[in-house]
Amino acid sequence: MDTPLHLQRRQFVKLGTLAATAAILPITARGADESSKKDAELGYPYKLPDLLYPFAALEPHIDAKTMEIHHDKHHGTYVKNLNAALDKEPDLAKKSLGELLGGLDSVSDTALQATLRNNGGGHWNHSFFWNSLAPAASAGTASKELTEAINKAFGSLDAFKTAFGEAAAKRFGSGWAWLVVQDGKLKITSTANQDNPYMKGLVPATDLGTPVLGLDVWEHAYYLNYQNRRPDYIKAWWNVVNWDVASKRFANA
Ligand code: MN3
């Protein structure tokens, strides 16, 4: 397969350090899942990635208007603010998004760190989230390996869904629930705001890991259709989880 030269260079740069490699693995998986073009977008200047399905594709579980506002406006704003912050920070702008998020604890300007944390996290989390979804008819099933790991960690797929749903429902205010691989094992975690499992030094070490699935439980993700009923949104979300992508991420973790 032909790889454009700029992507070869990006891969080479990304593989420069072991820490950086760990930080970008899911982004590599993301590229493998889709196209090299998507992978290239996860560098400065950042671009709002196109959805791989129409806004209405996830109905009735997630409605088209919510998807449109969530993607175009909310995610769009994170991208805009992230670029605006990096316009003035050439050294940070050179990093891949995975490297940037994994090294935020060493950004000493606290205002800049907060801007990158909220908007860089927002961009990564939403890019990951869109790719975690698929129309219900093509959502697939978990691989044998992922199913076995879920059974081992949680007892069964249903028990996993219950535990994950509880973590998502209990997240106070805005944030995310995650299924991560941590020390070779699956674990359910949750982060506030736009934090994510790569932000070492910023989120508790017990919440770090390589994400397999992430669920956005900000009100903007469900309020138009579900109003205050976050548990109903969580329940409906399982219908549009892209298990093929989750299985690939698990295999790469
Ligand atoms: Mn969101």
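The following paragraphs lead through a predicted model of a single chain, from its overall make-up to its metal site, its core, two of its helices and its charged side chains.

The chain has 253 residues, of which 52% count as buried. Its secondary structure comes to twelve helices and three strands. Among the contacts in the chain with a separation of 6 or more, 69% are accounted for by residues 24 or more positions apart.

The metal site offers a point of entry. A manganese ion is coordinated by four residues: His 70 through NE2, His 126 through NE2, Asp 216 through OD and His 220 through NE2, at 1.9 to 2.1 Å. Along the chain these donors follow the spacing H-x55-H-x89-D-x3-H. Within this set, His 70 and His 126 link distant parts of the chain, being 56 residues apart. His 70 belongs to helix H4, residues 64–86, while His 126 belongs to helix H7, residues 110–131. Both histidines lie below the 20% cut-off for buried residues: His 70 has a relative accessible area of 2%, and His 126 has one of 0%.

The nonpolar interior comes next. The largest nonpolar core contains 65 residues, and the members that touch the most others are Leu 186, Tyr 233 and Trp 237. Leaving aside neighbours within four places in sequence, Leu 186 is in contact with Leu 146, Ala 149, Ile 150, Ala 153, Phe 154, Leu 179, Val 180, Val 181, Val 212 and Phe 250. Several of these partners return in the description of helix H8, whose buried residues include Leu 146, Ala 149, Ile 150 and Phe 154.

Helix H8 spans residues 144–154. Seen down the helix axis, the buried residues of H8 fall within an arc of 100°, so they line one face of the helix. The face turned away from this buried side carries the exposed residues Lys 144 and Lys 152. On the buried side, the residues of H8 pack against helix H9, strand E1 (175–182), strand E2 and helix H12 (243–252). After H8 comes Gly 155, whose phi is positive, near 100°.

Helix H8 also holds a salt bridge, in which the side chains of Glu 148 and Lys 144 meet at 3.6 Å, N to O. Because Glu 148 and Lys 144 are four residues apart in H8, about one helical turn separates them. Glu 148 is partly exposed, with a relative accessible area of 45%, whereas Lys 144 is exposed, at 59%.

Two other members of the core, Tyr 233 and Trp 237, lead to helix H11, residues 230–237, where they are buried together with Arg 230, Ile 234 and Ala 236. Viewed down the axis of H11, the buried residues fall within an arc of 165°, so they line one face of this helix. The face turned away from the buried side of H11 carries the exposed residues Pro 231 and Lys 235. The buried residues of H11 pack against H7, helix H9 (157–170), strand E3 (210–216) and helix H10 (223–226).

The structure holds six salt bridges in total. One of them joins Asp 105 and Lys 200, with the closest N and O atoms 3.4 Å apart. This pair links distant parts of the chain, 95 residues apart: Asp 105 is in the loop between helix H6 (97–102) and H7, and Lys 200 is in the loop between E2 and E3. Asp 105 is partly exposed, with a relative accessible area of 36%, and Lys 200 is likewise partly exposed, at 40%. In another salt bridge, the side chains of Asp 232 and Arg 229 meet at 3.0 Å, N to O. Asp 232 counts as partly exposed at 36% relative accessibility, and Arg 229 is partly exposed at 35%.

A further charged residue, Asp 207, is found in the loop between strand E2 (185–192) and E3. Asp 207 is buried yet has no salt bridge. The nearest side chain of opposite charge is that of Lys 187, 5.2 Å away, while a salt bridge requires the nitrogen and the carboxyl oxygen to be within 4 Å. Leaving aside neighbours within four places in sequence, Asp 207 is in contact with Gln 182, Thr 189, Ser 190 and Pro 197.

Key:
Residues numbered from 1 in each chain as written. Predicted model: local features only at pLDDT ≥ 70, side-chain atom pairs only at ≥ 80, totals over all residues. Heavy atoms only, no water. Donors = N, O, S within 2.8 Å, 3.2 Å for Na, K, Ca; no water. Buried < 20%, exposed > 50% of the residue type's maximum accessible area, 1.4 Å probe, protein only. Core = buried A, V, L, I, M, F, W, Y, C linked by side-chain atoms within 4.5 Å. Contact = heavy atoms within 4.5 Å. Arc of directions from axis to C-beta. Lys, Arg positive; Asp, Glu negative; His and termini not counted.
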